[in-house]
Amino acid sequence: MLPANLSTIDLTALPDQERERLQSLQELRSRGVEPYAYSFDRTHYSGAARALFNESDLEAKPVASVAGRITAVRRMGKASFVHIQDEEGKIQLYFKSDELGEAYETLKLLDMGDIIGVKGFIFRTRTGEISLHTQSFSVLAKALKPLPVVKEEIDEKTGEKIIHDAFSDKELRYRRRYIDLVANPQIREVFRKRSKIITTLRKFFDDRGYLEVETPVLQPLYGGAYARPFVTHHNALDFDLYLRIADELYLKRLIVGGLAEGVYEISKDFRNEGMDKNHSPEFTMGEIYIAYKDYNWMMDFVEQMFAEVALVITGGDMKVTQKDGTVIDFAPPYRRLTMYDSIKEYTGIDVSKMDEAGLRETAKSLGIHIETNAGSGKIIDEIFSEKVEGNLIQPTFITDYPLSMSPLAKNHRTKPGLVERFELMVNGQELANAFSELNDPLDQRARFEEQSKLRARGDDEAMVLDEDFLRSLETGMPPTAGLGFGIDRLVMIMTGEESIRDVVLFPAMRPEK
């Protein structure tokens, strides 16, 4: 008879492997074996356990307790070899029936994907593999669904590793990341590097005395970027809120308040926009604002920051290789090129003196579609995106943007009509965006009012007027340099991945049918 928690399951409707696993689960419990343990006292990971083997003392039997997921089973009558995988790699386990007695029968009820804990001593097999000779073991979790069986072999002619039956379907990998991480252990390294990158950034900021802070995710007004927001509703207060599109306006409030002369946040932001290999509606941003600095200082700061990250990831030479073989060198200094000069370099056209009508005609001649509600700044941005951005592979600062493109940046001190802003372009995409921040409250109000006119024309990405932020500027904000950069894109470049979904553990997906 099935236990109560299995009695409602129609075994005949299940695939063979799932039915057999449920029957094994039932058999384990009938033998008094709990298939879902509470804990296990592990003493070593697989790599550390193998390292216990002493080549100079073959009589020694160093003891270790290891735990992990079964990835291979080879039964040989009264002996079995099992491989388990943990976060350090794999280790082979040796089970001998005449030593384990009744427990050896329990082993027969285990399958690929089950998680076990094993205690024994380290030795070398006749074939030369350092293994653990099992003295006792525990079932820690019985897997009721089979995992993909990935088979590897070495091509005798080329010596290359050949993978069979890999879990490679992109959509399935993104939806079932837990399987992806088990079946494709190399994927773990991408996310470990992601963690290391974020840790390095925090240390870089902290070592310089800058303060990490937290600002609201739910905001009554959204701002700090050109983007459409996600809207939600606060039931208790009965009003709509927006998921933040950037942290900028709140971080600047903290500079006004003097909380610290440098504040930063590494956070999730949300933009209700299209999705492609470089864009996700939920993404991770780093933003930092430092009082008494400008965008020239910030360029040097950014060079040091990304060089440090590359140094940690590469272990020394600051050169990272992409999947197509392109090598990107993060060692400073980086090339610096104005926005207008970059367009002229890659199109042969000087747009610096053109009005909106001239810009529209130029875009048309270049085969670039422009929305009817787009202003001059957006047209220039489209020309740059289409004709320049993809050519900028090595780290390049694009500087001195038109005023109409940058409502939160200070006017350029020597170039009328421009602002002190730069974007860092790497591998054909924007990686960072920075300003000498606008701290003139009257100028800022006028800029917001211009944005309101763009919204009235139908540009739903134009910024909204934020009276409380203006009030903070009226209180007085010191000269400030601000920087925002995409963590996901940084991880893509540092790991050589080609899609943002490959560096986000659980990317946004359409619901499964």
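In this predicted model, strand β3 and strand β5, the latter covering residues 130-141, run parallel to each other and are joined by three bridges. One residue pair that can be located along this pairing is Q92, whose bridge partner in β5 is S131.

Strand β3, which spans residues 89-96, is also joined to strand β2, residues 79-86, and here the two strands run antiparallel and are connected by eight bridges. The link in the chain between β2 and β3 is a hairpin that passes through two residues, and across this pairing I84 stands opposite I91 of β3. Both senses of pairing are thus to be found around β3, parallel with β5 and antiparallel with β2. Strands of a sheet pair through backbone hydrogen bonds, in either the parallel or the antiparallel sense.

Further along the sequence, an open sheet is formed by three strands in the order β9-β11-β10, with antiparallel pairing. Its edge strands are β9, residues 218-219, and β10, residues 231-234, each of which pairs on one side only. Between β9 and strand β11, residues 239-243, the antiparallel pairing extends over two bridges, and Q219 has Y242 in β11 as its bridge partner.

Turning from strands to a helix, T200 lies in helix α7, which comprises residues 186-207. The relative accessible area of T200 is 11%, and T200 therefore counts as buried, since the cut-off for that term is under 20%. When its neighbours within four places in sequence are left aside, T200 is in contact with E308, V309 and V312.

Terms used: Residues are numbered from 1 along each chain as its sequence is written. This is a predicted model: local features need pLDDT of at least 70, side-chain atom pairs count only at pLDDT 80 or more; totals for chains, interfaces and linings use all residues. Side-chain values use heavy atoms; hydrogens and water are left out. Two strands pair if DSSP finds at least two bridges between them. Helices (H or I, at least four residues) and strands (E, at least two) are DSSP runs, numbered from the N terminus. Buried means under 20% relative accessible area, exposed over 50%, partly exposed in between (1.4 Å probe, protein chains only). Contact means heavy atoms within 4.5 Å.
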